[in-house]
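Q: Please take me on a close tour of a single part of this structure. I am new to this, so please explain the terms along the way.

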Amino acid sequence: MPGSLSATASSTIGTGSRPRGVAVDSTRGRIYIAEEGTNLLRATTLTGGAVWTRAVSGPWDAAVDPSTGRIFVTQYATRAVLAFDTNGNQVLAIGQTSRK
């Protein structure tokens, strides 16, 4: 059917404890996983190969801007938004990034 979308899972991607948010960047072939239980943001290839891992306090969700490849992660406890470049470097923080 024209305009339909189909997908087939070709592999299983392991995650840590309590993954909360997932973002897919099909342009760059990456999946970003926000893991609340391990306080990590993981970048993997579409087949599950590790690209990088960053510590993020209380990551809750993830989104990616397909035009720039920037990854945005919300922090539950602080309600901040962090932005990372495609190499995993934090490039922006909006809001309070630590609890007081």
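A: Let's begin at the hairpin of β6 and β7, where 5 residues lie between the strands and R79 takes a positive phi near 65 degrees. Strands here are DSSP runs of E with at least two residues, numbered from the N terminus, and two of them pair if DSSP finds at least two bridges between them. This is a predicted model, in which local features need pLDDT of at least 70, side-chain atom pairs count only at pLDDT 80 or more, and totals for chains, interfaces and linings use all residues. Residues are numbered from 1 along each chain as its sequence is written, and side-chain values use heavy atoms, with hydrogens and water left out.

Back to our hairpin: 4 bridges hold β6 and β7 in antiparallel pairing, and I71 faces F84 in β7. On its other partner, I71 of β6 stands opposite V64. There, β5 and β6 are joined by 5 bridges and run antiparallel. The hairpin of β5 and β6 has 6 residues between the strands, and G69 in that hairpin has a positive phi near 85 degrees.

Now look along β6, residues 71–75, where the side chains alternate. I71, V73 and Q75 point to one face and are buried, while F72 and T74 point to the other and are not. Buried means under 20% relative accessible area, exposed means over 50%, and partly exposed lies in between, using a 1.4 Å probe and protein chains only.

Next comes β8, residues 90–94, which includes I94. Strand β7, residues 81–84, runs antiparallel to β8 with 4 bridges between them, and V81 has I94 as its bridge partner. I94 has 48% relative accessibility, so it counts as partly exposed. Leaving aside neighbours within four places in sequence, I94 is in contact (heavy atoms within 4.5 Å) with A80 and V81. A80 and I94 are 14 residues apart in sequence, yet their C-alpha atoms are 5.6 Å apart in space.

Putting the strands together gives an open sheet of 4 strands, in the order β5-β6-β7-β8, with antiparallel pairing. β5 (59–64) and β8 are at the edges with a single partner strand each, so one side of each has no neighbour in the sheet. From one strand to the next, the twist averages 20 degrees. For such angles, axes are lines fitted to C-alpha atoms (for helices, over the stretch in contact), and angles run from 0 to 180 degrees between N-to-C directions.
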